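These questions ask how the descriptive terms used for a structure are justified by the values behind them. Please view the sequence and the model first, and then follow how each value is set against its cut-off.

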Amino acid sequence: MEKKELKRYGIIALMIIVICFVVKHFSLFGKLLAVAYNAVYPLLLGAITAYIFNIILSAFEKHYFPQTDTKLIRLTRRPVCIVLSFFCAAAIIALVLKIVIPEMINAVKLISGEIPPLLDKLSGDIIKKLAEYPDIQKEAMNLFNEFDVKSLDWASITEKAADVIQNGVMGIITSAVGIVGTVTGVVTNFVLALIFAIYLLLRKDKLRRDVKRIQKVFVSDKINNMINKIFRTADSTFKSFFIGQFLEAILLGCFCYIGMKILKLPYAAMSSVLVGVTALIPVVGAFIGAGVSAFIIFTESPMQTLIFLIFLIILQQLEGNVVYPKVVGNSIGLPGIWVLAAVTVGGSLFGVVGMLIGVPLAATAYKLFFENLENKEKQLGIECIDTEPPTNSEKKIFNFKKNKSRSKVKSFKNDKQKNK
């Protein structure tokens, strides 16, 4: 038996042993994975933050004195552009909060002022409707009187509340300690992630060169080409998705604001910002913002809520069929059914983050799979069959190119005859 075969059988046997060990001690292995994930979570979060901010950073670096190559410009280009990138992100977040929070406070005040009179009116209507049933009407009146705010015994309530506070003070302290610990952990992870992201952005060129050196020394050319192809495809898809999704959210928020102002609907600024921000989540995001906005508008007028919902449904149809395919859909090359599947699966596994990264991940896998499929078909000599018929626009483009090529051939023949 040759050495290569022995090596291959040894690797297979080792893999079988590892799989059996993992299956036998699955709970222990799960705990180890959880510990490892918690340890690397700030670094992972920092890497994701650095990748997203690198898109903005690259745009700033292209416009930071591109024609000047002095030593001062070279030294300050990266730090200044990083500061500008984080400043832009902080400004956008502050603007969103400044628009949304005051409007939400006003809406809560309005709801708290409207609910008690609405409940009084509702109880009065119920009692009037029950006039035909005196016994039930009497029980309903007694029930409403028991829950009358004016007849409440505030001394008894205060005494009971004091007992609850006294008996539950240790529980409150324990909960407070837990909350403080959670908040501290979140803040610590955030700070570590931010520091790691800044370090990656500052040293990205050096890190890229180091990775290439490691690949050349320890990895074969075939595997290197495959890895580079995967990362190039993923990088292109993720950048196109994030940029397209951001532009689509801005356009949707602007159109929503303009339409609400034309229709004279209340809370136009807050509703537009909510719809735009939640539109960053593919497919279902805008509907989440629409639901919150509709509830708040309902406190002003139910009829205006209906108008708002009809307007947003029309806007969503236009955005989904015109804006989204042009801005996001074509850039990632993923059919609509797979976008919906990626959002559903990603959301069920990792929540909102899963919804955001599920689509570009699925698009990357989709592109790589069909590129590999086309290469296999070429190697086997199989003709590629397109199951979907061409659309009218594709037919027009094809006919236009066909006529254009024919006209070029005719003009070439005419020129040839003239030269003769």
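**Terms and their values**

Q: Where do Lys206 and Asp210 lie, and how many residues apart are they?
A: Lys206 and Asp210 are both in helix H7 of this predicted model, with a separation of four residues, or about one turn of the helix. Residues are numbered from 1 along each chain as its sequence is written, and because the model is predicted, local features need pLDDT of at least 70 and side-chain atom pairs count only at pLDDT 80 or more, while totals for chains, interfaces and linings use all residues. Side-chain values use heavy atoms, with hydrogens and water left out.

Q: What makes the meeting of the Lys206 and Asp210 side chains a salt bridge?
A: The term requires a side-chain nitrogen of Lys or Arg within 4 Å of a carboxyl oxygen of Asp or Glu. The N to O distance for Lys206 and Asp210 is 2.9 Å, so the pair meets the cut-off.

Q: Which other salt bridge does Asp210 form, and how far apart are its atoms?
A: Asp210 also meets Arg213, at 3.8 Å from N to O, and these two residues are three residues apart in H7, again about one turn of the helix.

Q: Why is Arg213 called exposed, when Lys206 and Asp210 are called partly exposed?
A: Relative accessible area decides the matter: under 20% is buried, over 50% is exposed and anything in between is partly exposed (1.4 Å probe, protein chains only). Arg213 has 57% and therefore counts as exposed, whereas Lys206 at 31% and Asp210 at 21% fall in the range in between.

Q: How do you know that Arg208 and Asp205 are separated by about one helical turn?
A: They are three residues apart in helix H7 (residues 204-218), and so about one helical turn lies between them. Their side chains form a salt bridge at 3.2 Å, N to O, and both residues are partly exposed, Arg208 with 43% relative accessibility and Asp205 with 32%.

Q: Which residues are linked in a network of salt bridges?
A: The network links Arg208 and Asp205 with Glu61, Arg78 and Lys204. The search of the whole structure finds eight salt bridges.

Q: Why is the aromatic pair of Phe53 and Phe86 called stacked?
A: Rings of Phe, Tyr and Trp (its six-membered ring) pair if their centres lie within 6.5 Å, and planes under 30 degrees apart count as stacked, over 60 as edge-to-face and the rest as tilted. A whole-structure search finds eight aromatic pairs, and for the pair of Phe53 and Phe86 the values are 4.3 Å centre to centre and 15° between the planes, so both conditions for a stacked pair are met.

Q: What makes this a pair that links distant parts of the chain?
A: Phe53 is in helix H2 (residues 26-63) and Phe86 is in helix H3 (residues 71-129), with the two residues 33 apart. Both Phe53 and Phe86 are buried.

Q: Why is Ser85 called buried, and which residues is it in contact with?
A: Ser85, found in helix H3, has a relative accessible area of 2% and is therefore buried. Leaving aside neighbours within four places in sequence, Ser85 is in contact (heavy atoms within 4.5 Å) with Phe53, Ile56, Leu57 and Phe60.

Q: Why is H8 called roughly antiparallel to H9, and H2 roughly perpendicular to H8?
A: Angles under 35 degrees count as roughly parallel, over 145 as roughly antiparallel, 65 to 115 as roughly perpendicular and the rest as oblique; they run from 0 to 180 degrees between N-to-C directions, with axes fitted to C-alpha atoms, for helices over the stretch in contact. Helix H8 (residues 221-263) and helix H9 (residues 268-278) pack at about 155°, with their axes 8 Å apart, which makes H8 roughly antiparallel to H9. H2 and H8 pack at about 70°, with their axes 11 Å apart, which makes H2 roughly perpendicular to H8.

Q: Which residues of H2 and H8 meet?
A: Tyr51, Ile52 and Ile55 in H2 meet Ala234, Asp235, Phe238, Lys239, Phe242 and Ile243 in H8. Tyr51, Phe238 and Phe242 also belong, with Phe241, to one aromatic cluster.

Q: How many helices and strands does the chain have?
A: The chain has 13 helices and zero strands, where helices (H or I, at least four residues) and strands (E, at least two) are DSSP runs, numbered from the N terminus.
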